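New to this one? Here's a quick tour of a predicted model, grouped by topic so you can dip in wherever you like.

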Amino acid sequence: MSVTLQRIDSADFANYREGLIVLLLDAVNDGASIGFLADLDEREAAEYFAQVHAAMTDGSLLLWVAHEQSRVLGSVQLSLCQKPNGLNRAEIQKLLVLSDSRRRGIARLLMQAVEQEAATRKRGLLYLDTEAGSDAEQLYRHLGYQCIGGLPDYACGPDGIYRANAIYYKTLARPN
């Protein structure tokens, strides 16, 4: 089977909501430091995705989903800066791939889709943060992102232990 990648709009969000909840729960259960603790449950995940849907509806957030048939395998979000002095930048958020679907190139496909859309929207500066020392750092470096440092004890993982983050950026184009 082949993976299908698509940017979904707010009207189609309901078709992917349950798969996104499963994806988020899987990531947290696998130890990803993505803003949630180990006690994350379906209700809290659903509340989070209600916020994502609202941001999609107001145009401040874009969401991509990678799926095989009806199973969501991965997703990524692009938060578009809404400040008049920052319309050249966007933040990549929540790059997630199901633990049993990793090492298939899904994260790379999602990142490439984000970059293409960002370039189309003249968002020439992309940035993100990830847990320092995580497997994700190798992916970001391979895709040309530059690490500019990090903060100690930035956020705790699902286990409640605080960890450092690593901050990355990539310049797609300079603002005019």
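Helix α4 has an exposed side, where you'll find D135, Q138 and H142. On its other side, E137, L139 and Y140 are buried. Keep in mind throughout that this is a predicted model.

**Helix α4 and its two faces**

- The buried residues E137, L139 and Y140 span an arc of only 160° around the axis, so they sit on the same side of α4.
- What do the buried residues of α4 pack against? Their partners are β4 (89–97), α3 (106–120), β5 (125–131) and β9.
- Just past the end of α4 comes G144, with a positive phi of about 95°.

**Aromatic pairs**

- How many aromatic pairs turn up when the whole structure is searched? The search finds five.
- One of them joins F13 and F49, with 6.4 Å from centre to centre and 40° between the planes, a tilted arrangement.
- That pair bridges distant parts of the chain: F13 belongs to the loop between β1 (4–8) and α1 (17–29), F49 belongs to helix α2 (residues 42–57), and 36 residues separate them.
- Are F13 and F49 buried or exposed? Both are buried.
- Y140 and Y168 make a tilted pair too, because their ring centres are 6.0 Å apart and their planes meet at 50°.
- Since Y140 is part of helix α4 (residues 135–142) and Y168 is part of strand β9 (residues 165–171), this pair ties together parts that lie 28 residues apart in sequence.
- Y140 counts as buried because its relative accessibility is 6%, under the 20% cut-off.
- Y168 is buried as well, with a relative accessible area of 0%.
- Ring pairs also gather F13, F36, Y48 and F49 into a cluster.

**H53, a neighbour of F13**

- H53 is found in helix α2 and is partly exposed, at a relative accessible area of 27%.
- In sequence, H53 and F13 are 40 residues apart, yet their C-alpha atoms are 7.0 Å apart in space.
- Setting aside neighbours within four places in sequence, H53 has contacts with S10 and F13.

**The largest pocket**

- How much space lies in the largest pocket? The volume is about 1300 Å³.
- A set of 38 residues lines this pocket, and L95, T130, S134, A136 and Y140 are the ones nearest its centre.
- Four elements each contribute two or more residues to that lining: β4, α3, β5 and α4.
- Which element gives the largest share of the lining? That's β4, with seven residues.
- By type, the lining of the largest pocket is made up of 16 nonpolar, 11 polar and 11 charged residues.
- Y140 is worth remembering here: this residue is buried, pairs with Y168 and is among the residues nearest the centre of the largest pocket.

**The second largest pocket**

- The second largest pocket holds about 160 Å³ of space.
- Its lining consists of N88, A119, K122, R123, G124, L172, A173, R174, P175 and N176.
- Sorted by type, those lining residues are four nonpolar, three polar and three charged.

**Loops and unusual backbone angles**

- Most residues other than glycine have a negative phi, so the next two residues are worth a look.
- Q69 isn't a glycine, yet has a positive phi of about 55°.
- Where is Q69? Look in the loop between β2 (61–68) and β3, where Q69 counts as exposed because its relative accessibility is 60%, over the 50% cut-off.
- K122 isn't a glycine either, and its positive phi is about 60°.
- K122 sits in the loop between α3 and β5 and is exposed at 66% relative accessibility; K122 also helps line the second largest pocket.
- P84 is placed in the loop between β3 (71–80) and β4, and counts as exposed with 76% relative accessibility.
- From P84 to Y169 there are 85 residues in sequence and 20 Å in space, C-alpha to C-alpha.

Definitions and conventions. Residues numbered from 1 in each chain as written. Predicted model: local features only at pLDDT ≥ 70, side-chain atom pairs only at ≥ 80, totals over all residues. Heavy atoms only, no water. Phe/Tyr/Trp six-rings, centres within 6.5 Å; stacked < 30°, edge-to-face > 60°. Buried < 20%, exposed > 50% of the residue type's maximum accessible area, 1.4 Å probe, protein only. Arc of directions from axis to C-beta. Contact = heavy atoms within 4.5 Å. 1 Å grid on protein atoms, 1.4 Å probe; cavity = no way out; pocket = protein on both sides within 12 Å on 5 of 7 lines; lining within 4 Å. Points joined across faces, edges and corners; volume = space filled by probe spheres on them. Nonpolar A, V, L, I, M, F, W, Y, C, P; charged D, E, K, R; others polar.
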